[in-house]
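Here are a few exercises to work through with the viewer open. Try each task on your own before reading its solution.

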Amino acid sequence: MPKIHLVDTTPLIALNRLEQHLGGKHTILLKRDDIGGIGGGGNKLRKLEYSVAEALAQGCDTLITFGALQSNHARLTAAVAAHCGLDCVLILSKRVDRQDAFYTESGNVLLNDLLGADIHVLEDDQDPLARADEFKDALVRQGRKPYVIPFGGSDALGALGYADCAQEIAQQAEGRGIRVDHIVHASGSGGTQAGLIAGCERSLTGARVHGISVLAPAPALQETVHTIANGARERLGLPLGEKATDVIVEDGFIDGGYGVVNEQTLDAVRLLAETEGILLDPVYTGKAFAGLLHLLRTEEIPQGDTVVFLHTGGMPGIFAYTSAFKAA
Ligand SMILES: *Cc1c(COP(=O)(O)O)cnc(C)c1O
């Protein structure tokens, strides 16, 4: 499968102080996919290694993608476009109900502009997919070759980036004589979880992948992940998964909706910052970390097990939610 190189091997670090803080019952590691690569880093880069390789192979000159106003995926697509000498059209929606200037102007909004993307903010009643089609048609009429990347870069192709990540974790764990029992991470559009699941079946058998939903109720996200994972399995020559209900999703940490934050999430962000000096974000990784704390405290992840928390990035979101942190 053609792939461009955007991220080097990311560190797998021990969180000893957090382990102690939680009573020393588990081994907790952090896979730092928040750092490295370009555009500030984050999980979308591994997916873009595959989707942008396909765009380049097809001779495309413009990337089109979508997201919320503060989408990390949009920001990283803009960065990869700049890196590869492509144009980038971002179609952003105001789906999150925040109007303060931190949200509308700072964080990823500021970075998208610095990265030179052509940004279009939709009115509430506009459909992003229909709008993308219009942009695509208009570009084609001008003799351009646009390539549309799906929401969050999440399709079977993009998911292969996270099958690679599972393999990387397997190699790092093996090198240190560690058995990985669980991987826990923020799950939104589903490509990360789908890729990890397929990747674990290939190279890290025995590890359970827990997606902490930031957006959809468990049955819907399980269905999405299941479909994408089967697409990835097909590409990797693995046997297909049978049931969507085999996908492990925890949907108790969505807090009121995508991009909506409450105290539990903000507290989780503060806890890791204060115990380990590691920065999470309020939209994805803060919720996932709140979910991890729950799984550890309730021993749904049993005592003695080793868990890898995948840090998927999103740090610019801290600045976008300045007023939420101030209010808490
Ligand atoms: C997009 C994103 C996720 C979720 O990844 P999906 O593949 O969309 O499920 C998690 N964390 C961060 C920081 C993200 O930007």
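**Exercise 1. The ligand site**

Task: In this predicted model, find how far a polar side-chain atom of serine 189 lies from an oxygen atom of the ligand.

Solution:
- Start at serine 189: a polar atom of its side chain is 2.5 Å from a ligand oxygen.
- Move on to threonine 312, where a polar side-chain atom lies 2.6 Å from a nitrogen atom of the ligand.
- Then pick asparagine 43, with an N or O atom of its side chain 3.0 Å from an oxygen atom of the ligand.
- Taken on its own, the ligand has 380 Å² of accessible area, and the protein covers 98% of that.
- Finally, widen the selection: 16 residues surround the ligand, and those coming nearest are Lys44, Lys47, Ser189, Thr192 and Thr312.

**Exercise 2. Dividing the chain**

Task: Into which domains is the chain divided, and how many residues does each bring to the contact?

Solution:
- Colour 12-41 + 154-327 as domain 1 and 44-153 as domain 2.
- Take the centres over C-alpha atoms; domain 1 and domain 2 are then 24 Å apart.
- With heavy atoms within 4.5 Å as the criterion, the contact takes 33 residues from domain 1 and 29 residues from domain 2.

**Exercise 3. The four-stranded sheet**

Task: Work out the strand order of the sheet that contains β3 and β4, and say which strands stand at its edges.

Solution:
- Reading across this open sheet gives β5-β4-β3-β6, with parallel pairing.
- The edge strands are β5 (118-121) and β6 (146-148); each has a single partner strand, so one side of each lacks a neighbour in the sheet.
- Neighbouring strands are turned against each other by 25 degrees on average, ignoring direction.
- Now zoom in on β3 (residues 62-68) and β4 (residues 87-93): these parallel strands are joined by seven bridges.
- One pair to locate is alanine 68, opposite serine 93 in β4.
- Last, add helix α3 (residues 72-84), which lies across β3 and β4 and runs at about 170 degrees to β4.

**Exercise 4. The six-stranded sheet**

Task: Do the matching analysis for the sheet that contains β8 and β9, and find the helix that packs on it.

Solution:
- The order in this open sheet is β1-β2-β10-β7-β8-β9, and the pairing is mixed.
- β1 (12-14) and β9 (248-250) each have a single partner strand, so these two stand at the edges with one side left without a neighbour in the sheet.
- From one strand to the next, the twist averages 30 degrees.
- At the β9 edge, three bridges pair β9 with β8 (residues 208-213) in the parallel sense.
- Glycine 211 has valine 249 in β9 as its bridge partner.
- The helix to find is α9 (residues 218-236), which touches β7 (182-187), β8 and β9. Its direction makes about 145 degrees with that of β9.

How values were computed:
Residues numbered from 1 in each chain as written. Predicted model: local features only at pLDDT ≥ 70, side-chain atom pairs only at ≥ 80, totals over all residues. Heavy atoms only, no water. Pairing = 2+ DSSP bridges. Axes fitted to C-alpha atoms, helices over the stretch in contact; angles between N-to-C directions. Near = heavy atom within 4 Å. Polar contact = N/O pair within 3.5 Å; in protein donor to acceptor, adjacent residues only side chain to side chain. Areas by Shrake-Rupley, 256 points an atom, 1.4 Å probe, with all protein chains shown as cover. Domains from an automatic or database assignment.
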